[in-house]
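Reader: Hi! I have a structure open and I'm not sure how to read it. Could you walk me through it?

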Amino acid sequence: MFKLLISKALLMLPLYLSLTLAAPSDNPTARSANTVIPITGSNMGAVSLSDGNTRVYYQDATNGSIIQLVVSNDFEIGVYVSSAVIVPADEVRQNSPVAVSLLSDAAGFEQIHLGFFSPDNVLSEYIWEAGVGSGFQGGPTCTACVTNKGFVGAAGSQMLYALETSGTSPPVIRYGFVLDSGDSNTISEAINSGSGWTVATLT
Ligand SMILES: *[C@@H]1O[C@H](CO)[C@@H](O)[C@H](O)[C@H]1NC(C)=O
């Protein structure tokens with residue numbers, strides 16, 4: 001009896017393998033083998049080139065850093081490529097909004113501006129520019145960053161947007177947010193048209 005069961009199981013093994021190993025024809029084999037990438041964050045923003053090449057930025061819910069995810073395309077055809085810490089946790093307030101803008105050209109990514117608020121609610125950014133430095137620049141040593149202007153946002157505000165317009169050279173970099181001082185019942189913009197940062201309130 002025991003012997004019979006084993007031989008039956010052995011007979012069924014090839015059938016079982018062929019059923020489980022075969023990829024459904026409408027599903028590429030590589031994707032059906034993928035496991036999900038574990039991510040737990042509070043806020044996020046993203047930019048993408050026209051070829052689908054994507055960068056996602058989110059504040060990690062556990063350690064508070066802002067992380068960059070490199071993703072090859074939209075999630076239907078693209079996959080996770082890599083991740084890296086861009087902004088250390090001690091430079092970001094808890095539950096900061098994350099806003100990101102992109103300038104691109106035929107060669108790909110040209111500039112990425114990543115905006116957020118510091119623990120003291122200072123409007124802050126990390127910037128990436130093709131051919132400049134090795135990776136993102138930011139923190140106290142970044143003289144080009146809006147960070148060193150010390151524009152203070154309203155405590156706890158979740159309102160933040162990032163824009164970069166390429167119609168002019170140099171491009172215009174803008175962040176929309178709620179100022180702590182002055183009119184906190186409206187929005188303002190930090191603007192850099194090439195000759196430094198100014199702030200203006202919507203009128
Ligand atoms: C924080 O969490 C992210 C995502 O799990 C991880 O990539 C990163 O290395 C962690 N550590 C720091 C110091 O940010």
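Reader: Which residues surround the ligand?
Author: In this predicted model, the ligand has Asp60, Asn63, Ser65, Ile67, Ser83, Val85 and Ala89 around it.

Reader: And what classes does that shell break down into?
Author: The shell around the ligand has 3 nonpolar, 3 polar and 1 charged residues.

Reader: Thanks! Let's zoom out. How many helices and strands does the chain have?
Author: There are 2 helices and 12 strands in the chain. Starting at the N terminus, the elements run α-α-β-β-β-β-β-β-β-β-β-β-β-β.

Reader: What share of the residues is buried?
Author: Of the 203 residues in the chain, 25% are buried.

Reader: And what about contacts between residues at least 6 apart in sequence, how many of those join residues at least 24 apart?
Author: That would be 41% of them.

Reader: Now the strands. What order do they take in the open sheet of 4 strands?
Author: The order is β9-β10-β11-β12, and the pairing is antiparallel. At the edges are β9 and β12 (197-201), each of which pairs on one side only. From one strand to the next, the twist averages 20°.

Reader: Can we look at one pair? How many bridges join β10 to β11?
Author: There are 5 bridges between β10 and β11, the strand of residues 188-192, and the two run antiparallel. As one spot to look for, Ile173 stands opposite Asn192 in β11.

Reader: Cool. What kind of peptide bond joins Ser169 and Pro170?
Author: The bond between Ser169 and Pro170 is cis, with omega at about 5°. You'll find Pro170 in the loop between β9 (160-165) and β10 (172-177).

Reader: Switching to loops: where does Asp90 lie?
Author: Asp90 sits in the loop between β4 and β5.

Reader: Is Asp90 buried or exposed, and why?
Author: Asp90 is exposed because it has 10 other C-beta atoms within 10 Å, and 12 or fewer counts as exposed.

Reader: How far is Asp90 from Gly64 in space?
Author: Their C-alpha atoms are separated by 7.9 Å, while Asp90 and Gly64 are 26 residues apart along the chain.

Reader: What about Asn95, where is that one?
Author: Asn95 is in the loop between β4 (80-87) and β5. Its phi is positive, about 55°, although Asn95 is not a glycine.

Reader: And why does Asn95 count as partly exposed?
Author: Asn95 has 13 C-beta neighbours inside 10 Å, so it is classed as partly exposed.

Reader: I also clicked on Asn121. What is its phi?
Author: Phi of Asn121 is near 65°, which is again a positive value in a residue other than glycine. Asn121 belongs to the loop between β6 and β7 (123-129). With 19 C-beta neighbours inside 10 Å, Asn121 is partly exposed, because a residue needs 20 or more to be buried.

Reader: One last residue! Where is Ala107 found?
Author: Look in the loop between β5 (99-105) and β6 (108-117) for Ala107. Ala107 is exposed, because 8 other C-beta atoms lie within 10 Å.

Reader: And how far apart are Ala107 and Ala130?
Author: In sequence, Ala107 and Ala130 are 23 residues apart, and in space they are 9.6 Å apart, C-alpha to C-alpha.

Terms used. Residues are numbered from 1 along each chain as its sequence is written. This is a predicted model: local features need pLDDT of at least 70, side-chain atom pairs count only at pLDDT 80 or more; totals for chains, interfaces and linings use all residues. Two residues are in contact if their C-beta atoms, placed from the backbone, lie within 7 Å. Two strands pair if DSSP finds at least two bridges between them. Axes are lines fitted to C-alpha atoms, for helices over the stretch in contact, and angles run from 0 to 180 degrees between N-to-C directions. A residue is near a molecule or strand if its C-beta atom, placed from the backbone, lies within 6 Å of it. Ala, Val, Leu, Ile, Met, Phe, Trp, Tyr, Cys and Pro count as nonpolar, Asp, Glu, Lys and Arg as charged, and the others, Gly among them, as polar.
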